[in-house]
Amino acid sequence: MSDVDRARLAEWVALYKELRGLLHSGVSVHSGPVHGVVAADGSDAVFAIVATGTSELYPPGPVRLPGLDPEATYHVRPLPPGDIADGNATDWGVPLPWWTPTGVTLRGRALTAGVLQAPVLYPERLVLIRATEV
């Protein structure tokens with residue numbers, strides 16, 4: 001294994017260790033290309049946006065983040081190391097306004113209704129996002 005691959009694997013292992021409690025105790029949720037785990041009290045969540053194939057829509061539409069408290073406010077941001085949206089829109093230099101390390105703060109009601117634009121992904125790719133109550 002190369003040093004680069006070893007470092008990348010270490011990032012994923014560290015993320016798993018950080019999220020282990022949430023992943024093993026939260027509620028599993030699904031909505032179209034999104035699946036994730038939401039803490040029982042709704043205070044924290046991790047979602048994967050998955051492209052299993054080429055979308056019929058370009059760019060892909062907004063995604064719903066199910067299971068969040070509609071009355072709460074959440075800080076939503078890409079979650080490294082799963083934050084690489086490697087679709088062709090990224091190659092063309094057309095980033096999503098919210099796809100930054102600082103992310104965006106929105107109400108749970110908006111997030112569950114589907115206000116976040118999904119990033120363009122190549123088939124068989126995914127990205128991770130985290131939503132934490134503020």
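**R125 and D86**

I started with R125, which counts as partly exposed at 38% relative accessibility. For my own record, buried means under 20% relative accessible area, exposed over 50%, and partly exposed in between, with a 1.4 Å probe and protein chains only. This is a predicted model, so I note that local features need pLDDT of at least 70, side-chain atom pairs count only at pLDDT 80 or more, and totals for chains, interfaces and linings use all residues. Residues are numbered from 1 along each chain as its sequence is written, and side-chain values use heavy atoms, with hydrogens and water left out.

I then looked up the partner of R125: its side chain meets that of D86 in a salt bridge, 2.6 Å from N to O. D86 lies in the loop between strand 5 and helix 2 (88-91) and R125 in strand 8, so the pair ties together parts that are 39 residues apart in sequence. The salt-bridge rule here is a side-chain nitrogen of Lys or Arg within 4 Å of a carboxyl oxygen of Asp or Glu. Helices (H or I, at least four residues) and strands (E, at least two) are DSSP runs, numbered from the N terminus.

**Other salt bridges**

How many salt bridges does the rule give? I get a count of 6.

I pulled up E71 and R107 next, with their closest N and O atoms 3.4 Å apart in a salt bridge. E71 sits in the loop between strand 4 (62-63) and strand 5, and R107 in strand 6 (residues 104-107), so this pair ties together parts that are 36 residues apart in sequence. I have E71 as partly exposed at 47% relative accessible area, and R107 as partly exposed at 40%.

In helix 1 I checked R8 and E11, a salt bridge with the closest N and O atoms 3.6 Å apart. They are about one helical turn from each other, because they are 3 residues apart in helix 1. R8 is partly exposed at 30% relative accessibility, and E11 is partly exposed at 40%.

**R130**

Buried or exposed, I asked of R130? At 11% relative accessibility, R130 counts as buried. R130 lies in strand 8 (residues 125-133). I found E18, D44 and R130 linked in a network of salt bridges. The side chains of R130 and E18 are also joined by a polar contact of 2.7 Å. A polar contact is a pair of N or O atoms within 3.5 Å; within protein, one must be able to donate a hydrogen and the other to accept it, and residues adjacent in sequence count only if both atoms are side-chain atoms.

Leaving out residues up to four places away in sequence, R130 touches E18, L19, D44, A45, V46, H75, V76, R77 and L79. Contact here means heavy atoms within 4.5 Å.

**Nonpolar cores**

Next I went after the cores, each a set of buried Ala, Val, Leu, Ile, Met, Phe, Trp, Tyr and Cys residues joined through side-chain atoms within 4.5 Å. Which members of the largest one touch the most other members? Of its 24 residues, I noted F47, L65, L68, V76 and I129. Strand 2 (34-38), strand 3 (44-51), strand 5 (73-78) and strand 8 each supply at least two residues of this core. The largest share, 4 residues, comes from strand 3. Apart from this core lies another, of 9 residues, among them L19, A39, V46 and A48.

I also listed contacts for I129: beyond four places in sequence, they include F47, L65, V76, W98 and W99.

**T73 and S31**

T73 is in strand 5 and counts as partly exposed at 23% relative accessibility. Leaving aside neighbours within four places in sequence, I see T73 in contact with T105, L106, R107, T132, E133 and V134. The C-alpha atoms of T73 and H30, 43 residues apart along the chain, are separated by 20 Å.

S31 is in strand 1 (residues 27-31) and is buried, with a relative accessible area of 19%. S31 touches R64 and P66, not counting residues up to four places away in sequence.

**Surface patch**

Last lookup: M1, L9 and V13 make a nonpolar surface patch of about 290 Å². L9 belongs to helix 1 (residues 3-25) and is partly exposed at 43% relative accessibility. Patches are made of residues with over 30% relative accessible area and no salt bridge, joining like charges within 9 Å and nonpolar side chains (Val, Leu, Ile, Met, Phe, Trp, Tyr) within 5 Å. Accessible areas come from the Shrake-Rupley method with a 1.4 Å probe, and for residues only the protein chains shown count as cover.
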